[in-house]
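Here are a few exercises to work through with the model open beside you. Take each task first, then compare your steps with the solution.

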Amino acid sequence: MKESGWTVGKVAQRCGVNISTLHFYEKKGLIRSWRNAGNQRRYKADVLRRVSVIKAAQKMGISLESIKQAFATLPDQRTPTANDWKKLSKGWQGELNARIAYLERLRDSLTGCIGCGCLSMKNCPIYNEDDKLAAEGSGPVILDRAKKSMLA
Ligand code: FES
């Protein structure tokens, strides 16, 4: 694949995405291709890593806009090095840590009150008597409180 580049079909197959998804990522400026003599799209091998990182980040709920900003730190004209990816991950660390902490909090709160208004758990009267947390907002107020403080 080295010289002639990866075809859109091979990239889609190797990354486990649809060809239309690759076109969408390209339209969003997240990945780049070039045209060969036959005017066919071709990709450099590092597109496999970019697409895989996009998929992983989206699974974590990170927005395409945030991914795009992070990818903007990567060099365009050459394959990103480990240092380039390290720089990218540093920029993302805060958001990723907040999401990890939120997931941990969710995992650890499933046996207790999350402040959602159901009043169905044993300790709801302690943390959310008469659903007083409804005054603070909608959804799992206790969980979201933690999220806000992590992202602040
Ligand atoms: S878990 Fe729903 S209000 Fe406590």
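**Exercise 1. Classify the two rings of an aromatic pair by burial, then describe their geometry.**

Step 1: Tyr-25 counts as buried because its relative accessibility is 4%, where buried means under 20% relative accessible area, exposed over 50% and partly exposed in between, with a 1.4 Å probe and protein chains only. Phe-24, at 37%, therefore counts as partly exposed.

Before going on, a word on the source: this is a predicted model, in which local features need pLDDT of at least 70 and side-chain atom pairs count only at pLDDT 80 or more, while totals for chains, interfaces and linings use all residues. Residues are numbered from 1 along each chain as its sequence is written, and side-chain values use heavy atoms, leaving out hydrogens and water.

Step 2: A pair of aromatic rings is described by the distance of the centres and the angle of the planes. For Phe-24 and Tyr-25 these are 6.3 Å and 50°, a tilted pair. Rings of Phe, Tyr and Trp (its six-membered ring) pair if their centres lie within 6.5 Å; planes under 30 degrees apart are stacked, over 60 edge-to-face, and the rest tilted.

**Exercise 2. Why is the pair of Phe-71 and Trp-85 edge-to-face, and which charged ends sit over these rings?**

Step 1: The planes of Phe-71 and Trp-85 stand at 85°, with centres 6.0 Å apart, so the pair is edge-to-face.

Step 2: Locate the partners: Phe-71 lies in helix H4 and Trp-85 in helix H5, 14 residues apart. Helices are DSSP runs (H or I, at least four residues) numbered from the N terminus.

Step 3: Check burial. Phe-71 is buried because its relative accessibility is 5%; Trp-85 is buried too, at 10%.

Step 4: Add the charges. Arg-49 places its charged end over the ring of Trp-85, 4.5 Å from the centre, and Arg-50 does so over Phe-71 at 5.9 Å. The criterion is NZ of Lys or CZ of Arg within 6 Å of the ring centre and within 35 degrees of the ring normal.

**Exercise 3. Which residues have the most contacts inside the largest nonpolar core, and which helix gives the largest share?**

Step 1: The core has 24 residues, and Val-11, Leu-22, Ile-31, Tyr-43, Val-51, Ile-67 and Phe-71 have the most contacts inside it. Such a core joins buried Ala, Val, Leu, Ile, Met, Phe, Trp, Tyr and Cys residues through side-chain atoms within 4.5 Å.

Step 2: H3 supplies the largest share, five residues.

Note on methods: Helix = DSSP H or I, 4+ residues; strand = E, 2+ residues; numbered from the N terminus.
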